[in-house]
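Here are some short exercises to work through with the coordinates open. Try each task yourself before you read on to its solution.

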Amino acid sequence: ANLVQGLNSPDAAVKAEALAETERRLRDQETSKEEEEESKSRVNRTLINTRAAVRGCWAFEVKAVHSFLDAFLAALEKDAKERAKRRKRNERLANALKEKGNEAFRRGDYGTAIQRYTEGLEELKDKQELYTNRAQAYLKMQEYEKALGDCEWALKCNEKYIKAYFLMGKAHLALKHYSESRQCYEKILQIDPQKENLFKDCMNEVNLEEKRMKDEERAMKEIQSGKPAALSIKELLQKLDRPGQDILYYAGGIRILAGTVKNRTEQTLFRTNNGFSILKDNEVVRRGFCAEKKNSAEVDLSVSLLILWQAVCAGNEENQRLLLAQPDVNTQLPKLLSSGLSEIQKETLVLVSLYSETENGRRLLVEHQDLTKWLQILMTFVNSSDARASSAMNVLSDLAEEERFKTKCRVMLSTAVLPLFTQLLSSAKLVNQAALARCIGIMGNLCADAAIRRQMAECEECWQACVKLVDERFDVGTPKYQECLFAVLGLMMNLLLEWNAIIQSLAVDVSIRCMSLLTDKDGRIVTRATGVLSRVLPASSLAVEKAVRGGVVKKMIKILKAGGQVTSSYALKTLSVCTRSNSQAREDLVESDKKFGVLLKLLDSENEMIVGNAAFCLGQCLEVPGAATSLLDSNVVMILLKHAGGDATRTSVQENAAVALGKLCVAEPRHIFQLRKLNGLAILNSAMKYVHSI
């Protein structure tokens with residue numbers, strides 16, 4: 001009884017002592033049992049009967065042991081429940097403290113956040129989020145060693161905790177432990193290969209920071225060695241720091257400084273001597289640069305600053321980052337581009353291009369600039385007749401590679417961008433046609449984004465402007481206009497990946513224009529015109545009918561005879577669309593392609609799409625009287641049989657070949673003899689699963 005009481009005691013020491021006593025008694029009982037078994041195995045010839053006494057004693061002992069075990073297990077169960085209850089309570093308290101810490105962190109009160117996270121850990125020592133949250137707060141407080149310690153504790157809780165490795169990498173980077181930082185980020189990629197973008201960004205940050213430190217060490221050595229170039233940058237910055245000077249004094253000094261910065265070390269010296277604070281610390285310079293309506297002196301100052309920033313930012317990622325971190329620069333860049341002052345616009349475009357031409361620079365622009373208006377701003381330069389147009393298109397082309405830029409473009413596309421773009425298309429004869437061609441191409445590339453493509457495809461004015469541009473090709477026969485035509489056909493092909501009522505209503509107009517381009521001397525134009533036809537004709541049966549009347553079948557056969565895989569693919573798709581729904585098209589194809597020489601040749605292509613469409617066209621035309629008979633002396637059965645029983649990736653190849661073979665044998669039964677010779681009846685029978693109707 002005392003032992004059971006001890007096991008249930010709330011006093012930990014009493015409970016431990018009772019537990020030890022229980023274990024001792026169980027061991028003694030086990031020893032006694034072993035001795036009893038051993039005595040039974042010996043030869044004992046004594047006739048004294050001792051079983052009754054032993055049995056009674058043993059039953060008593062077993063009962064006692066069972067009582068102890070039951071009590072022991074009950075105590076363990078009770079202890080487990082109490083532990084679970086305490087953990088649940090502690091977890092609730094820890095979560096509440098974590099939320100309080102998060103609130104303090106969001107306010108920027110990192111000391112309080114650390115205190116709350118610490119209190120949470122006192123309640124629950126194995127809560128990994130509290131360690132990493134506290135590590136994050138330590139990073140903000142620049143207590144990097146403590147942050148490392150918390151990350152290590154978090155990893156003891158969960159060795160695959162990505163956030164711990166991420167923050168540990170940040171702490172090592174701050175301590176200039178570049179190798180260790182890289183190892184942390186490599187560990188993230190090992191744990192989750194899907195984090196490749198995060199890995200790249202982190203590794204890029206380490207590389208840039210290491211490069212920055214080496215640059216600054218090298219620059220410091222040049223200062224210490226007393227090199228004239230290094231000292232002159234420092235002296236010039238000190239002169240520019242003089243307050244109350246005339247604006248022309250500052251403009252001239254900035255120009256001289258820009259001419260002094262010629263290499264990476266001098267760029268670094270500009271940075272380490274607080275060169276980027278010139279706007280913040282000098283009110284005359286800041287006011288002149290930020291003026292809405294600039295006089296000639298303010299224009300000269302702004303141009304001088306832009307030239308200086310070009311010099312200090314060219315190829316220098318850290319300087320690029322610091323420049324965009326200046327609030328006034330960030331605010332003024334789009335205003336300078338829209339200023340209408342050609343000299344300022346020119347130098348601003350040169351500066352922006354330093355960012356747009358590199359992946360890291362584009363990332364900085366996306367992070368620091370509101371790019372929702374940049375597509376519209378840069379597109380405006382198509383009206384410029386000088387180098388600004390080309391520079392703007394270069395920047396726009398670079399930015400179009402960024403997915404985040406495409407996301408920004410969606411915001412003002414319908415309200416601001418498309419009206420401007422439509423106006424430029426309608427004025428193709430008047431604007432910079434080389435820039436317009438590039439602009440159209442960029443808009444076509446942006447159509448890779450489904451949301452942008454959908455908005456553009458639903459803009460009727462945009463479609464009408466495209467048609468107008470095609471119409472005016474006869475009035476403007478210049479090579480530059482030809483590039484605009486080529487680009488607009490590519491844009492139309494991309495927009496035709498959508499399907500809407502506007503496309504359906506304009507299908508006839510678009511197809512008529514494309515038909516007129518099929519005789520163009522430029523093979524690129526012919527290819528794209530054929531591509532547009534292949535995509536616009538399915539939108540309208542009336543468009544198909546007019547195209548057939550206009551001789552589209554004969555023109556497509558001519559294109560197919562000339563070869564060229566891309567053009568042939570479009571031409572064959574066009575024939576497929578026409579022969580599927582128009583009996584006249586089928587008759588025209590039979591007449592234009594004697595004994596189906598062109599289609600049979602295409603059936604031997606290695607391109608599955610071409611083979612599938614060729615088989616489809618052939619199957620459609622076999623409905624024309626006499627068409628199947630004209631193939632009696634050909635190897636068409638063998639070709640179709642090969643594809644019907646083949647293992648093409650596209651099932652449409654087997655399906656279309658099986659349909660064509662079935663129609664061939666129905667229209668001209670004599671082909672069945674050839675099928676039998678080739679042991680093809682079984683193959684045809686198995687392939688008939690693809691045939692829906694013959």
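**Exercise 1. Describe the overall fold of the protein chain in terms of helices, strands, burial and contacts.**

Solution. Start with the secondary structure: this predicted model has 38 helices and zero strands in the protein chain. Next, turn to burial: of the 694 residues in the chain, 47% are buried. Finally, look at contacts between residues at least 6 apart in sequence: 69% of these join residues at least 24 apart.

**Exercise 2. Take the regions annotated in UniProt and work out what the chain looks like in each.**

Solution. Step one is to collect the annotations. The unreviewed UniProt entry lists "repeat: TPR" at residues 128–161 and 162–195, and "coiled-coil region" at residues 114–141.

Step two is to go through the spans one by one:

- Residues 128–161 are 79% helix and 0% strand, with 8 Å between the end C-alpha atoms.
- Residues 162–195 are 79% helix and 0% strand, with the end C-alpha atoms 10 Å apart.
- Residues 114–141 are 82% helix and 0% strand, and their end C-alpha atoms lie 10 Å apart.

**Exercise 3. Decide whether cysteine 184 can be counted in a disulfide, and check its burial.**

Solution. First, find the closest cysteine sulfur to that of cysteine 184: it belongs to cysteine 151 and is 8.0 Å away. Then compare with the cut-off: a disulfide needs the two sulfur atoms within 2.5 Å, so this pair is too far apart for a bond. A search of the whole structure agrees, finding zero disulfides. For burial, the cut-off is under 20% relative accessible area. Cysteine 184 has 5%, so cysteine 184 is buried. Cysteine 313 makes a good second case: its value is 0%, and therefore cysteine 313 is buried too.

**Exercise 4. Find the largest cavity and characterise its lining.**

Solution. Begin with the count: there is one cavity of 30 Å³ or more, and the largest cavity holds about 30 Å³ of space. Now list the lining: Leu208, Lys211, Arg212, Asp215, Arg264, Arg271, Asn316, Glu317 and Glu318. Sorting these by class gives seven charged residues, one polar and one nonpolar.

Which helices each supply at least two residues of this lining? They are helix H9 (196–224), helix H12 (264–272) and helix H16 (317–324). H9 gives the most, with four residues.

**Exercise 5. Examine the backbone at glutamine 142 and lysine 595, and place both residues in the fold.**

Solution. Recall the usual case first: most residues other than glycine have a negative phi. Now take glutamine 142, where phi is positive, near 60°. Glutamine 142 sits in the loop between helix H5 (128–140) and helix H6 (144–157). Is glutamine 142 buried or exposed? Its relative accessibility is 59%, so glutamine 142 counts as exposed.

Repeat the steps for lysine 595. Phi is again positive here, near 50°. Lysine 595 is part of the loop that lies between helix H32 (583–592) and helix H33 (597–602). With a relative accessible area of 57%, lysine 595 is exposed.

Conventions. Residues numbered from 1 in each chain as written. Predicted model: local features only at pLDDT ≥ 70, side-chain atom pairs only at ≥ 80, totals over all residues. Heavy atoms only, no water. UniProt positions renumbered as here; feature names shortened; annotations may be inferred. Buried < 20%, exposed > 50% of the residue type's maximum accessible area, 1.4 Å probe, protein only. 1 Å grid on protein atoms, 1.4 Å probe; cavity = no way out; pocket = protein on both sides within 12 Å on 5 of 7 lines; lining within 4 Å. Points joined across faces, edges and corners; volume = space filled by probe spheres on them. Nonpolar A, V, L, I, M, F, W, Y, C, P; charged D, E, K, R; others polar. Contact = heavy atoms within 4.5 Å.
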